[in-house]
Amino acid sequence: QDFTDRVIGQYYAYAVVGITLLAILIPLLFLGWDVQTTLYRAMTLMVVASPCALVISIPAALLSALASAARGGVLFKGGAHLEAAATVTVVAFDKTGTLTTGKPSVSEMRDWRLEIGQSESPISYLPSPVLALAAAIEQFSEHPLAEAIVQAAREQKLAIPAATDFSAMTGAGARAIINGVALRIGRPTLFAPLAPELARQVAEQEQQGRTVVLLGDEQPWGMIALADTLRPEAAATLAALRRNGVQRIVLLTGDNRHAAESLARTLGIDEVRAGLLPADKVTAVRELQERYGPVAMVGDGVNDAPALATARLGVAMGAAGTDVALESADLLLVADDLSKLPGALKLARRARRVVRQNLTFALGVIALLVAFSLAGEVPLPLGVVGHEGSTLLVVANGLRLLLGRLDS
């Protein structure tokens with residue numbers, strides 16, 4: 001549409017005016033036509049060559065598609081993003097909150113302080129349970145895993161101590177000070193290398209598809225394992241994406257590889273990249289676009305925002321998504337219904353076909369009417385009917401996109 005507006009606004013419209021002036025001057029000066037015949041034919045030529053149908057053919061289709069998508073619970077942030085959706089060949093998904101419900105629960109908790117000999121240290125030992133200390137830090141975070149930890153501590157009616165100086169370690173965890181002790185919580189790599197026995201316990205949980213977070217100071221004090229549930233529509237959504245022309249589906253997650261590969265096997269995902277930081281997700285999206293073509297990145301969290309902005313099409317889960325993810329995305333699944341995504345891509349491809357139909361029809365009618373007009377075979381009333389009729393037809397063809405439902 002940008003290209004069409006620029007070409008028609010800056011070149012085509014001026015060309016029509018110029019040709020009309022030539023159609024007046026040449027017959028009068030060199031062909032000996034009378035003034036009435038010359039002006040009549042020049043006026044007819046100007047009418048039939050006017051680009052109204054061309055100008056309206058694209059916005060009529062795009063606005064109809066945008067309205068249809070919004071009615072179905074999918075919000076495109078503009079026509080350019082609708083056009084981008086029509087080109088997508090690869091879809092990359094975040095895991096937590098995207099393919100899963102984003103409502104994990106604590107499945108197991110282990111306190112390692114006795115095992116690593118910290119129970120007698122008055123400096124590094126805090127009497128609160130590990131889960132309560134974890135909740136003290138995580139209560140300031142918006143991450144789904146953090147919310148699950150806080151919820152578990154409250155369900156067990158644990159006394160959550162006060163924490164100060166909270167700061168997030170993007171893609172890795174968080175830290176805060178509790179009773180003068182600097183604690184951090186996050187992925188196991190924060191405390192690497194782990195003692196063999198502790199590493200064995202972490203691996204055991206990860207092999208069961210669980211996400212493991214560790215809490216401690218310089219050394220890990222304890223482990224919390226969390227399990228998430230798969231979105232019920234996830235498998236059907238991925239199958240629909242393949243039917244609609246998506247060539248490759250990739251999982252990009254900060255979670256551990258065991259959990260990611262377990263999910264990928266369940267859903268039939270083509271490629272898994274696990275243990276990623278936000279910058280790693282950006283790199284992965286760029287690599288996928290260089291190798292396979294335009295990528296749609298689907299995510300919901302702060303960690304996904306850079307990748308959403310980098311992808312050809314950024315897709316955010318509307319209700320569960322963080323503010324920064326919603327701001328970075330080009331398309332919002334308003335009701336957190338992942339099954340709407342294949343229908344949105346299908347609608348975008350259909351809109352592109354309608355735009356091409358409109359442009360082909362509008363150009364064909366203009367070329368035909370101009371040719372007959374130059375030959376003097378088109379009276380002005382017929383030229384008006386042809387010009388306005390073609391405009392109405394391309395609008396009607398675009399309005400067809402309002403019909404039907406946003407299905408896959």
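The legends below accompany close-up views of a predicted model.

**Figure 1. How confident is the predictor along the chain?**
Let us begin with confidence. The average pLDDT of the chain is 88, and 94% of the residues score at least 70. Strand E2 (residues 90-93) has the highest confidence in the chain, with a mean of 97. Helix H13 (residues 323-328) has the lowest, with a mean of 77. Keep an eye on residues 118-124 too, where the pLDDT is below 50. Beyond near neighbours in sequence, that stretch makes twelve contacts in the model.

**Figure 2. An open sheet of seven strands with mixed pairing.**
Follow the strands across the sheet and you will meet them in the order E1-E13-E12-E11-E2-E9-E10. At the edges are strand E1 (74-76) and strand E10 (271-273), and each of them pairs on one side only. On average, neighbouring strands are turned by 20 degrees against each other, with direction ignored. A general point helps here: strands in a sheet pair through backbone hydrogen bonds, in either a parallel or an antiparallel way.

**Figure 3. Strand E2 and its partners E9 and E11.**
Here we zoom in on E2. Four bridges link E2 to strand E9 (residues 248-252), and the two pair in the parallel sense. Look for Phe93, which stands opposite Leu251 in E9. E2 also pairs with E11 over four bridges, again in the parallel sense. In that pairing, Val90 is placed opposite Val295 of E11. Which way do the residues of E2 point? Val90 and Ala92 point one way, while Val91 and Phe93 point the other way, and all are buried.

**Figure 4. The parallel pair E11 and E12.**
Strand E11 (residues 295-299) and strand E12 (residues 313-317) are joined by four bridges. To find your place in this pair, look for Ala296, which sits opposite Leu313 in E12.

**Figure 5. An open sheet of six strands with antiparallel pairing.**
This sheet has the strand order E3-E8-E7-E6-E5-E4. Strand E3 (105-111) and E4 are at the edges with a single partner strand each, so one side of each has no neighbour in the sheet. From one strand to the next, the twist averages 15 degrees. Within the sheet, three bridges connect E6 to strand E7 (residues 211-216), and these two strands run antiparallel. One residue to look for is Gly186, whose bridge partner in E7 is Leu214. Helix H8 packs on the sheet, where it touches E3, E7 and strand E8 (220-227). The direction of H8 makes about 10 degrees with that of E8.

**Figure 6. Helices H6 and H7 cross each other.**
The axes of helix H6 (residues 130-138) and H7 come within 8 Å, and they cross at roughly 130 degrees. That angle makes H6 oblique to H7. The crossing of the two helices is left-handed. Which residues meet where they touch? From H6 come Leu131, Ala134, Ala135 and Glu138, and from H7 come Ala146, Ile149, Val150, Ala152 and Ala153. As general background, an α-helix has 3.6 residues a turn, so residues three or four places apart point the same way.

**Figure 7. Is helix H6 buried or exposed?**
Nine of the nine residues of H6 are buried, so this helix is largely enclosed by the rest of the structure. Among these buried residues are Val130, Leu133 and Ile137, and Glu138 is buried as well.

**Figure 8. Three loops with backbone features to look for.**
Most residues other than glycine have a negative phi, and most peptide bonds are trans. With that in mind, start at the peptide bond between Ala192 and Pro193, which is cis, with an omega of about 0 degrees. Pro193 is found in the loop between strand E6 (181-186) and helix H8 (196-207).
Next comes Lys157, which is not a glycine but has a positive phi of about 55 degrees. Lys157 sits in the loop between helix H7 (144-155) and strand E4 (164-169). Is Lys157 buried or exposed? Lys157 is exposed, with a relative accessible area of 75%.
Finally, visit Asn179, another residue that is not a glycine; its phi is positive, at about 50 degrees. Asn179 belongs to the loop between strand E5 (173-178) and E6. Asn179 is exposed, and its relative accessible area is 62%.

Key:
Residues numbered from 1 in each chain as written. Predicted model: local features only at pLDDT ≥ 70, side-chain atom pairs only at ≥ 80, totals over all residues. Heavy atoms only, no water. pLDDT = per-residue confidence, 0-100. Contact = heavy atoms within 4.5 Å. Pairing = 2+ DSSP bridges. Axes fitted to C-alpha atoms, helices over the stretch in contact; angles between N-to-C directions. Buried < 20%, exposed > 50% of the residue type's maximum accessible area, 1.4 Å probe, protein only. Parallel < 35°, antiparallel > 145°, perpendicular 65-115°, else oblique. Left-handed = near helix turned anticlockwise from the far one by under 90°.
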